[in-house]
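Me: I would like a close look at one helix and at the parts of the protein it packs against. Please keep it plain, and work outward from the helix.

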Amino acid sequence: MSTQGRPKGEYRSAQHEGARVTPPGRAEGEYRSAQHEGKPLNAPFETRPLAPALGAEVLGVSLAGGVSDALFEGIYQAFLRYQVLLFPPQALSPADQVRFARQFGEVQVHVMQQYHADGHPELYRLSNLDAHGRPSGKHPDRGTLAWHTDGSWSRVTGQATVIYGEVVPEIGGETHFCDMYSAYERLSPAWKARIAGMRALHNLDFSRNRRHGEDPMTAEQRRAKPPVDHPVARVHPETGRTCIYLGDHAESIVGMPYDEGRALIEELNALAIHADATYEHRWTRGELLLWDNRCVLHRATEFDTATQARVVRRCTVLGEVPQAA
Ligand SMILES: [Fe+2]
């Protein structure tokens, strides 16, 4: 499947209405059965799993210069099955990164304009370098250090994130991923019953300001992104599987006293992370990572911002309005 040649308006309207989007030519549930039955991946490349629970390395694929429909179809299948894909080190221009991200769907233009990079408002650059290209000692976004899912603070939430490592530190600055399908499946029946029908308010201003007094959102940015509520147990629109959809942007629980909701979110966020369902990626310069925000939490790890350089550029593709399980 490709979004190339697909009428954009048709795709977007289905997403914005919160409908389950089954890409043209693909039967709903197809990927669920592929995942569950371990059918071979029909893709023009080899993959190598990165961890038992999630993640695969895509071998020998170059994204520069554009991705054909046939190649993209294979990448998309692998994306749904493995949740996190790693592409080998390669030179990839900002324009080619945005073009690749657009094959997944509409790309987010982030409300925090100060991070836009390279003349592409779709790119969000995280860099600790100063104007002279030296490590500044300042972390560009400490919110990324907490487990979260991109764009959960919007009504239409993040689908894929496509991130490219321009400069990577020798130590630290890793990216970790945890599988939220198995996080849900491991919950006790009592927890599953407790969160059935429950909705959480996600709020970018909360998650940024709790850690970022130095760089708060402006009043205009806050107005543009008011808190939005999403189901805590979410069904993935393409695989049909249920996952926990929470993370660090979740501030409170709808209909519950604030402190009680905070405590529940903290407890469930901690319960959702399991070492054996996690893949920890140590970057090599020029790698590209792609992940499915609908069923994965991720975080970055600390690095010495005064001595190490880290520059990554990110594109987040918009998905749909989350549907309750
Ligand atoms: Fe993120």
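How far apart should the ends of helix α9 (residues 258–272) be at 1.5 Å a residue, and what is the distance between its end C-alpha atoms?

Reply: The structure is a predicted model, so everything below is computed from predicted coordinates. The protein averages a pLDDT of 87, and 85% of the residues score at least 70. Residues 1–37 are the part to treat with reserve, in that pLDDT stays under 50 there.

Helix α9 has 15 residues, which should span 21 Å at 1.5 Å a residue. Its end C-alpha atoms are 21 Å apart, so the expected and computed spans agree. Seen down the axis, the buried residues of α9 fall within an arc of 100°, and therefore line one face of the helix. Those buried residues are Leu264, Ile265, Leu268 and Ala272. On the other side, Asp259, Glu266, Glu267 and Ala270 are exposed. The general background is that an α-helix has 3.6 residues a turn, so residues three or four places apart point the same way.

The buried residues of α9 pack against one helix, α5 (180–186), and against the strands β7 (175–179), β8 (199–202), β11 (242–244), β12 (250–253) and β15 (296–300). Two of these partners, β7 and β11, lead further into the structure.

Take β7 to begin with. Of its 5 residues, 4 are buried, so β7 is largely enclosed by the rest of the structure. Strand β7 pairs with β13 (residues 278–281) in the antiparallel sense over 4 bridges, and Phe177 stands opposite Tyr279 in β13. With β15, β7 also pairs in the antiparallel sense, here over 5 bridges; Cys178 has Leu297 in β15 as its bridge partner. Strand β15 is thus both a bridge partner of β7 and a packing partner of the buried residues of α9.

Phe177 and Tyr279 turn up again around Val84. Leaving aside neighbours within four places in sequence, Val84 is in contact with both of them, and with Leu50, Leu54, Gly55, Leu289, Trp291 and Val296. Val84 belongs to the largest nonpolar core, which has 64 residues. Val84, Leu85, Met180, Ile244, Leu246, Leu288 and Val296 are the residues that touch the most other members of this core. Helix α3 (residues 69–82) supplies the largest share of the core, 7 residues. In general, nonpolar side chains tend to be buried together in soluble globular proteins.

Helix α3 has 14 residues and reaches 20 Å from its first C-alpha to its last, close to the 20 Å expected at 1.5 Å a residue. Its buried residues are Phe72, Gly74, Ile75, Tyr76, Ala78, Phe79, Leu80, Arg81 and Tyr82. The helix is followed by Gln83, whose phi is positive, near 75°.

The other partner to follow is β11. Strand β11 belongs to an open sheet of 3 strands in the order β11-β10-β17, with antiparallel pairing. The edge strands are β11 and β17 (323–324), each pairing on one side only. Strand β10 (residues 233–235) pairs with β17 over 2 bridges, and Arg234 has Ala324 in β17 as its bridge partner.

Beyond these partners, strand β16 (residues 311–318) is worth a look. Of its 8 residues, 7 are buried, so β16 is largely enclosed by the rest of the structure. Strand β6 (residues 158–167) runs antiparallel to β16 and is joined to it by 7 bridges; Thr161 is matched with Thr316 in β16. Strand β5 is also antiparallel to β16, joined by 4 bridges, with Val311 in β16 as the bridge partner of Ser127.

Leu123 lies in β5 (residues 120–127). Leu123 counts as buried because it has 24 C-beta neighbours inside 10 Å, where 20 or more are needed. Arg102, in helix α4 (residues 94–102), has 17 such neighbours and therefore counts as partly exposed. The C-alpha atoms of Arg102 and Cys315 are separated by 9.2 Å, though the two are 213 residues apart along the chain.

For the protein as a whole, there are 9 helices and 17 strands. Buried residues make up 42% of the 325 residues. Among contacts between residues at least 6 apart in sequence, 82% join residues at least 24 apart.

Conventions
Residues numbered from 1 in each chain as written. Predicted model: local features only at pLDDT ≥ 70, side-chain atom pairs only at ≥ 80, totals over all residues. pLDDT = per-residue confidence, 0-100. Contact = placed C-beta atoms within 7 Å. Buried ≥ 20, exposed ≤ 12 C-beta atoms within 10 Å, placed from the backbone. Expected span 1.5 Å × (residues − 1). Arc of directions from axis to C-beta. Core = buried A, V, L, I, M, F, W, Y, C linked by C-beta atoms within 7 Å. Pairing = 2+ DSSP bridges.
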